[in-house]
Amino acid sequence: MKKQHAIVLSVVLAVVMVLALVALVACEKPQEKTAYGLVHGKGYVGKATVTRAGDSLVSADLNEACLPTYVQGETADGTYVVEGKYLNHGSVATGKFYKTVKFAGVTMTYDTTEVTSGENTLSKGYMVGTKTMLEFFADEANCEKYFEAVASNSVTVVTASGDKTDVLNAKALLKTENGYWGTPAENALGWKANVKATCDYVIANGFGGASAKDDFKKQDNSATNAKLDNELVDKNGVKTGATWTDMWDYFSLLKSAFEK
């Protein structure tokens with residue numbers, strides 16, 4: 001009887017060890033995670049993609065989709081293309097916007113009603129029901145719907161000649177495709193270079209270098225003849241290699257993806 005008990009116990013222990021090993025392997029298997037959200041002054045929908053193996057960050061990438069206001073129509077007819085007032089780098093400007101934009105079962109309609117925003121009078125802009133565009137994009141699920149619709153060329157604008165999906169498409173709106181902010185000079189960085197620097201930084205250092213926006217500081221390298229002007233360093237004094245002003249937005253989005 002004791003021998004039988006010993007055999008049973010051995011089998012049970014062997015099974016437990018196998019299950020534990022399987023669970024460990026599953027935990028360490030690289031997993032791709034994504035997070036979506038408004039970035040860069042809430043003017044763009046960002047997507048962060050990371051590969052995580054256990055507690056290690058294996059890879060990271062960033063992309064952004066410009067909002068529907070990034071592309072304007074040629075002629076305002078009041079029905080399909082309307083005129084609206086908006087802030088252009090702090091100054092009120094008038095633009096021509098496609099009135100109706102549709103994607104993933106969502107309809108955005110441009111509302112030209114003027115409202116007071118601080119010291120400025122602006123149009124309400126794109127609305128989804130009673131929500132403003134920014135209120136709508138405060139929900140990550142809505143950011144995902146929009147970004148993936150842009151990436152798959154399935155955002156529709158309603159025009160006088162019918163619905164079109166070649167206006168607000170990936171070529172026009174994705175920063176990886178539309179040439180947004182090319183490298184301005186040898187001692188500065190454009191969008192793609194900042195993406196690479198930021199992703200390289202978090203892969204090498206993780207997410208312990210900042211817990212607030214002000215933890216990233218501009219370091220003036222001009223006195224040392226370093227290549228980059230005003231490179232960002234984290235709260236531990238680690239150089240990030242990045243120079244863009246909203247480092248915290250992109251860092252936070254990557255962290256959100258990693259922690260999912």
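Modeller: One term before anything else: buried means under 20% relative accessible area, exposed means over 50%, and partly exposed is whatever falls in between, using a 1.4 Å probe and protein chains only.

Biologist: OK, and what kind of model is this?

Modeller: It's a predicted model, where local features need pLDDT of at least 70, side-chain atom pairs count only at pLDDT 80 or more, and totals for chains, interfaces and linings use all residues. Residues are numbered from 1 along each chain as its sequence is written, and side-chain values use heavy atoms, with hydrogens and water left out.

Biologist: Why does K42 count as exposed?

Modeller: K42 has 53% relative accessibility, and the cut-off is over 50%, so exposed is the right word. K42 sits in the loop between β1 and β2.

Biologist: What makes the phi of K42 worth a remark?

Modeller: Phi is positive there, about 60 degrees, and K42 isn't a glycine. Most residues other than glycine have a negative phi. A104 is also a residue other than glycine with a positive value, near 45 degrees; A104 is in the loop between β6 (100-103) and β7.

Biologist: How many helices and strands does the chain have, and what makes a stretch count as one?

Modeller: Six helices and 13 strands. They are DSSP runs numbered from the N terminus: H or I over at least four residues for a helix, E over at least two for a strand.

Biologist: How do you know that the length of α6 agrees with a helix?

Modeller: The expected span is 1.5 Å times one less than the number of residues. Helix α6 (residues 247-258) has 12 residues, which should give 16 Å, and the end C-alpha atoms are 17 Å apart, so the two agree. Helix α3 (residues 140-151) also has 12 residues and reaches 16 Å, close to the 16 Å expected. As for α5, with 15 residues, it reaches 21 Å, close to the 21 Å expected.

Biologist: What makes you say that the buried residues of α6 line one face?

Modeller: The ones in question are M247, Y250, F251, L253, L254, A257 and F258. Seen down the axis, they fall within an arc of 160 degrees, so they line one face of the helix; the arc is that of the directions from the helix axis to the C-beta atoms.

Biologist: And what covers the buried residues of α6?

Modeller: The cover includes β1 (31-39), β2 (44-53), β3 (56-66), α5 (191-205) and β13 (231-233). Contact here means heavy atoms within 4.5 Å.

Biologist: Which residues of α3 are buried, and why are they put on the same side?

Modeller: N142, C143, Y146, F147, A149 and V150 are buried in α3. They cover an arc of only 165 degrees around the axis, which puts them on the same side of α3. Their packing partners are β1, β2, β3, β6, α2 and α4 (170-173).

Biologist: What do the buried residues of α5 pack against?

Modeller: β3 and α6. Among the buried residues of α5 are W191, V195, C199 and Y201. I203 lies in α5 as well, but at 33% relative accessibility, between 20% and 50%, I203 counts as partly exposed.

Biologist: Which residues does I203 touch beyond its sequence neighbours?

Modeller: Leaving aside neighbours within four places in sequence, I203 is in contact with L57, V58, S59 and A60. I203 and L57 are 146 residues apart along the chain, with their C-alpha atoms separated by 5.7 Å.

Biologist: Why is T34 called partly exposed?

Modeller: T34 comes in at 24% relative accessible area, which clears 20% but not 50%, so partly exposed it is. T34 belongs to strand β1, and its contacts beyond four places in sequence include K47, T49, E140 and A257.

Biologist: Last one: what makes something a pocket, and what volume has the largest?

Modeller: On a 1 Å grid over the protein atoms alone, a pocket is an open set of points with protein on both sides within 12 Å along at least five of seven lines, where a cavity is a set in which a 1.4 Å probe fits but cannot get out; lining residues have an atom within 4 Å of a point. The largest pocket has a volume of about 1000 Å³, meaning the space filled by probe spheres set on points joined across faces, edges and corners. Its lining has 26 residues, with G43, T69, Y86, L87 and M133 nearest the centre. β8 gives the most, five residues.

Biologist: How do the residues of that lining divide?

Modeller: Into 13 nonpolar, 10 polar and three charged. Nonpolar covers Ala, Val, Leu, Ile, Met, Phe, Trp, Tyr, Cys and Pro, charged covers Asp, Glu, Lys and Arg, and the others, Gly among them, are polar.
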